[in-house]
Every structure is written in C-alpha cells, then in structure tokens.
Amino acid sequence: MDLFDVIAKEKASGCHDAAVFGGFGLFLHNWAEAHGIQELARLAGLYAISASDARPALLAEIEACLRQSEIRTDLPQKTATKPAAEQPAVQLPLTALPGIGEQRAALFARLGLHTLGDLLEYFPRDYRDRRQATSIAEAQIGSLVYLRGRVISAETARARSGKTILTCFFRDESGSMAAIWFNQPFLLRRLQKDVELAVYGRIENRYNNLSLVVQDYRIGKEIADTPPLEPLYALTAGLGQKAVQAAVRAAFQRCRGHLPDLLPENLREKRLLLHREQAIEILHFPEDPAMVEVARRTMAYEELFLIQLAIRRNAIPTKKIRRQAVDDQALLNKFTSALPFSLTRAQLRVIHEIYADLDQPQPMSRLVQGDVGSGKTMVAAAAICKCCAAGRQAALMAPTEILAQQHFQTLAPLLLSQGLTSALLTGHTGAADRRLILAQAEAGVLDCLVGTQALIQDGVKFSQLGLAITDEQHRFGVAQRARLRGRPATDLLVMTATPIPRTLAMTLYADLRLSILDELPPGRKPVKTYAVDLSYEQRVYRFIDRETAKGRQAFIVAPLVEETDSVAAASATQLYAHLQKNIFPNRRLSLLHGRMKPAEKEQVMADFRDHKSDILVATTVIEVGVDIPNATVMLICNAERFGLAQLHQLRGRIGRGSAQSYCILLHQAQSELARERMRIISETNDGFRLAEADLQQRGPGEFFGQRQHGLPQLKIADIFRDAPLLELAQQDIQPLLAHGSKLPEAGEARLSRLLDYMACG
Ligand code: ADP
Ligand code: MG
C-alpha cells in the first residue's frame, strides 16, 4: 500500500475524509509530522477541517507537496488498514485534533469538554443567520446587523484611552459605512481595497456617522467558508467562537461514520426522529432552520429517554412480594376513628393510591409531594398501619434527630391506638435501650421503628421489613434512594415538601410514582406575607417585640454567616449580637448557623421548640419540617437574595398553629426580577405555583446543577418546552423494561456511563 493509493481512494470516494478509518486528513497529518514535512502536515490538518467543496483543490495541493518532498510513500500494511487509534474516535482526547495542544485543551476542559464525543454533544446555544445580509442603506441605528460589501479604505488611530481603533470604510450597492474594531491593528494588513468583507455587529452613531461596531467578521475567502447558519457556542475566556466552531468541525470529520444510534430503530421511526449522526451534523452545521428543530427534538428525546431509563434500571426491584390480604376499609375506619380530625380528601386519595400499591406483587415506589402542613405524617401513619396489618414491619426515617423525635411523638400514641408497637432509635438512644430495641426489631415484636438514616445504615436487622418511609426526601439523590430501599422486596414511600413541577418530578423521580397532596387541612389561617423595604426596619422590630410580649416566638433569617463575603449581606452572628444588645434587650435570643456542629444545631432547635428562647436568629439552616406552632413571625432580611422556592420553604416554618402568622420580607430589591419575586411570594401561598415561577426565573439548570439529585446536567432538552417529549420517552421506556430488552451496543455503553455517574451522586 502506498500513500498515493490512499489519496486516490480519498479522491475517488468523493473527498469525505473517510478513506482511512478515523479520518484521512488526520491520518495524513500524523504521517507528515512523523516524517517532518511541516507544510504537508498543515495542509492535511486544513483538509480535515475544511468544507467538502474546498477539499478537491486541497487534495491536489497535498499531492503536489508530497511529490516535491520525494520521500518514500509506501506504508506499512498495518498503518493503512488498521485505524490510527484503537479507541473509538469519540473517546479520543481533544488533543487528537489538529491545532489543539495541551493549552487549548485546558480551555476546552473549562467548558467540561474533554473528548471528541463531548465536543459533538456541545450544542450551539443559538445560530446566526447569514443567509441574508442587510443592505447598508437599511441598517438601523441600535440594531444588530449582518452586512456585506467591499473595502474602500482602512486606517488605524489611537484613542485617548490608549485603545487602537481600526476603521474600515466599505460599500455595497446601497451605500457605504464604517466598520470599527478596537485593539486589532493587525487586521489592517488584510483589509486591502476591494477585498470582500462581511461584518456582524451593532450600528452606533459615532461622531455623527453611522458605524458598525464589529462583533464578528469574515474577510475574503473566509466568507465563502462560513456556513449560512452559523452555530454560536457558549464560550469561555480565551476561546473564541471561531476556535470552537473549527474544533467541532474537525471532531465531526473525525467521528463521521462512527456515531451510531443509541436508541432502538423502531423508536426512531415511531417518533419521527433522525439518525443520531444526522441530528448532530444538522445541529452543528445546519442549512435549514426547520431541520434544526427536528434535530434538536431527536437529541432531546434521546437525552430524556436515557436519563429516565438509567434511573429506572437503577431502581428495578427484582423480587416479588407475597402479600397478606388486608381489609382496607375496616383498617381505615379504625384508623380515622382514632384521629381528632377527619382526613382531607387529598389525604384519603393518596392513602388509597398507596393501599393499591401495597396490593401489587411488585414493591411500591411512591413519592408523596405535599406542601408544608398538608399532613404527610398522617399519610405515612396510614401506610404503616396497612404494612403492619399484613404482618410486616415499617421503618420511618427523617434527616435529623429532632425531626425523628417529632414524628415519634405524633406516631407512637396513634399507632398504639391501632394495637401497634413503635420505638425511636437515634444517636441519643442509650446503649441498653438500643440493645432492647434492636432485639425487638429482629425478633419481629416491634411493628414500627422511627429514626434517622442511621436506621438502615447501622445494620439494624428487622425480622420482616416491609415498608421504608423517608421524610423530606429532597436531600437524597437517586443513588441514596436505591440504597434506602435496601432489600429489593421492601416497599418505599418517599415524602417531600419540596414542590417540584410535575414535568421535573417525572424526570428526577422516574423511578417513583407520584402522589400529590394538594389540599391543606381546613381552618388553617394562611400566613400573611408582606414585602417591605429597609425604611420599615424599626417598625418591623417593634412588631416582633409586641408578638413576643404576647408569648409568641419569631424567626429572623439572615443570609450569610460571615462577613468575608464582600456583598453587604447581614451576618447572622453580627445580627444576633446587634439585635440582642440594641433592639431586643428584654427578650431571649438564640443563634443558629451552618458552622455549628450538628448536635449544637439540634440543641438550639430543641430549645427553641421548648420555648427556651423567644427569637431565633438563623441562617437558612432552620430545619425543614420542624413543627413549632407557637412561632408566628418569620422575618427574612435581604429577602431579595433568596429564590422563590427557598423563601417559600422558610415561610413554611410558621403558620403551624391556630394563631395568625406573619412572614415579613425585608428587602432592597433593585432588579426587576427581584421585585417580581417579592410580588409573587406576597401574593400566593401555593408552593407549586411558586416552584413553577422559580423554575422559569432560574431555569432547570439550577435544579439539575445541584449534585444532590445525582443526575447529570441536561445538554439539550428543556424541561418545560420538552414536556411532551418527556412523556413520550416515558411511555417508550415501559415495553423496554417489561421485556428486559437492551439498547443497541452504543446505547448500553452510554447508559452504563450514566449509571456510574449516578452511583457517585
Ligand atoms: P407536613 O409533614 O405535610 O408538613 P404534618 O403531617 O406535620 O404536615 O401536619 C401538619 C399539622 O396538621 C399537624 O399538626 C397535623 O396534626 C395536622 N393535620 C394533619 N392532617 C390534618 C387534617 N386532616 N385535619 C386537621 N389537621 C390535620
Ligand atoms: Mg412533615
């Protein structure tokens, strides 16, 4: 085999850079470098990244260059037939691309891009339409336009600020205009008279002349090489649009022909999707905007499908449960007759949903979402009753001791009235009690165990654990959830007060069925919320003083613990000292912040619950779910710094008693967005509405960005826009799971990477 044969093959096959596995251009580039022919290496690199119509000419140049070099061109058999690299191209590091060395690669790494595959899935955030240039005469002041013309003249000058200003006059048929660059004097050389120029930028009025301040430009031959719809990528300092575009192009050339579909063929047809390689090509190098949407849809569907499948595969329980029949109605009658109130319709509905799950042979996996105060504990109690009636044991876990205690205080008497035994097991349980409880659990004489996570981690042995309940679940990721269930034949009930919009919940919790408690028990007085600016500060303090004089308690939330943060946020510690000394000298204040040890925090919370202090000054660490009915005021300082979901969570700490409660947002909102947040939170108590608004303001990235979910960032799908796709993907997963069928090889490989990622989450 001779190199000239390879060139002939490349020519004959239409210059697709495919004559050699892994890319002809790259192959030749490496060969030329190995033989020290720099010019050839350069041409070969150029070949790899050029558009196909520019390639025949390049190929001719390459051939000529090779002949001139008079070097031996016979190839060892191995090199010509075997791929340049053993790895699949998508796994190659970016340094495998011509023009990307270690330094460049480090810049790409900042964008999270390490391999060619990463780069190919780094989709443009937008496109610039170059199909139609505006005519110079029509360019409006203030607008962003794309203009094309020929250079009349160009000159540089130095501004007083020290900047160099390059001004280039150019014209089209309709008129002429100046294009202006700052600090790029080296361009002057290229802006010769009559050279073609394409510029993109904003039209400004400078010294009474309309000028275009250039954001992007192409000169001469570059214009023809620029695609009609130019992809625009999110950048990082030191890495420009052209560099990313070139790298993506080179990566695609290198991987073309090796980007197999990850999903089964029948789904592609059923959902009218493109082939993966096609979709990737269109997204990066589009010719028709209509196709961009089809391609985006293809990749978004793939993304949502794989994430959900990964979650489901992660969670699939294998064992079936042999259930003992239970008379639900009799059970429920006995349960409700022991309550001082009647259950809300929402509570009853959710209990029935759970009871239906508990009749199925496969283990239950259910998420109960209910705003603070919606009565999730009663739902848990009802579930425990059915589990125990069927002869099995239940465990209820809370994230902290104080919450575990609170649950135990509520549940123990209630369960006892149903003839069920229960115990509390936490870090504070004494050794003797602990031994006894463990023995009872193992012997099966204990029906329900309440505690912290330590319950399942400490190797507590149950005789027959039937149901694991976890409260305030948003702190646990996908992986923890799987561990939580422990044995595969255990039912899992997850309760959370974090209102998550349905579409998002379906993705994050694809392994759970969803129940929603969308009704508060009657007779609740909704918390009154007031957003006020700093001029009200003293009045607010007087109000808090009056409330505490009546024997009530108040929370005061400050956003940051330390002053080190340069922004002027109130420090909880300072605020505490200031308030105790100057504002509330006659009240008992206590302090709670994230730098305290967990045991200290619990103690402060417990003391506040027991009314050993009147005012708790705290950062946002205030325990979720702790019931302090006597606390009627929540003052949030610098409220503009908080997101809606967080404000709502904080507000949920009050309004749990019969007295009217007040949430006061002391703010200095400057931006429109912050003012909007203050308005929305004052107007509604509906957690779901707030969550939707929050998500819209911040974008789902925030949700996914938090590693606590243990899920990767979405690369292309949009939770709102793609909600219908999400549902389709969810439907399509079912048969796959039911038949235990596999994805194509590449799909399985991707899936196992996702599962690895989630396992570390
Ligand atoms: P969540 O955990 O959902 O925030 P809880 O279970 O702590 O709410 O319930 C909040 C309060 O409401 C508790 O004091 C509880 O006894 C009470 N409660 C629960 N269900 C009802 C109901 N159906 N009617 C009246 N009060 C209820
Ligand atoms: Mg609760």
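Biologist: In β19, which residue is the bridge partner of Q553?

Modeller: In this predicted model, strand β16 (residues 553–557) runs parallel to strand β19 (residues 631–637), and 5 bridges join them. Helices (H or I, at least four residues) and strands (E, at least two) are DSSP runs numbered from the N terminus. In β19, Q553 is matched with A631.

Biologist: Happy with that. What pLDDT do side-chain atom pairs need to count?

Modeller: Residues are numbered from 1 along each chain as its sequence is written, while chains are lettered from A and ligands numbered from 1 in the order in which they are written. Side-chain values use heavy atoms, without hydrogens and water; totals for chains, interfaces and linings use all residues, local features need pLDDT of at least 70, and side-chain atom pairs count only at pLDDT 80 or more.

Biologist: Back to that sheet: which are its edge strands?

Modeller: The open sheet has 6 strands with parallel pairing, in the order β15-β20-β19-β16-β18-β17. Two strands pair if DSSP finds at least two bridges between them. The strands that pair on one side only are β15 (528–533) and β17.

Biologist: And what does the twist average from one strand to the next?

Modeller: Here the angles come from axes, which are lines fitted to C-alpha atoms (for helices, over the stretch in contact), and run from 0 to 180 degrees between N-to-C directions. From one strand to the next in this sheet, the twist averages 20°.

Biologist: What angle does the direction of α21 make with that of β19?

Modeller: Helix α21 packs on the sheet, in contact with β15, β16, β18 (615–618), β19 and β20 (662–667). Contact means heavy atoms within 4.5 Å. Relative to β19, the direction of α21 makes about 160°.

Biologist: Nice! Y541 and F584 caught my eye; why is the pair edge-to-face?

Modeller: The structure holds 8 aromatic pairs. Rings of Phe, Tyr and Trp (its six-membered ring) pair if their centres lie within 6.5 Å, with planes under 30 degrees apart counted as stacked, over 60 as edge-to-face and the rest as tilted. The centres of Y541 and F584 are 5.8 Å apart, and the pair is edge-to-face because the planes stand at 80°.

Biologist: How many residues apart in sequence are the parts that this pair ties together?

Modeller: Y541 lies in helix α21 (residues 537–549), whereas F584 is in the loop between α22 (572–583) and β17 (589–592). The pair therefore ties together parts whose separation in sequence is 43 residues.

Biologist: What is the relative accessible area of F584?

Modeller: Buried means under 20% relative accessible area, exposed over 50%, and partly exposed in between (1.4 Å probe, protein chains only). Y541 is buried at 3%. F584 is buried too, with a value of 1%.

Biologist: Now the other open sheet, please. Which strands stand at its edges?

Modeller: 7 strands form this sheet, paired in parallel in the order β10-β11-β9-β12-β13-β8-β14. Each edge strand has a single partner, so one side of each is left without a neighbour in the sheet: these are β10 (422–425) and β14 (513–517).

Biologist: Which strands does helix α14 touch?

Modeller: The twist of this sheet averages 20° from one strand to the next. Helix α14 (residues 345–357) packs on the sheet at about 160° to the direction of β14. The strands it touches are β8 (365–370), β13 and β14.

Biologist: How many residues of β11 are buried?

Modeller: β11 has parallel partners on record here in β9, through 5 bridges, and in β10, over 4 bridges. Helix α17 (residues 431–443) lies across β9 (393–398), β10 and β11 (448–452). β11 is mostly covered, and the buried count is 5 of 5.

Biologist: One more: how far apart are the C-alpha atoms of L120 and F252?

Modeller: L120 lies in helix α7 (residues 116–120) and counts as buried at 2% relative accessibility. Leaving out residues up to four places away in sequence, L120 touches V248, A251, F252, C255, L259, I280 and H284. L120 and F252 are 132 residues apart along the chain, yet their C-alpha atoms are separated by 6.8 Å.
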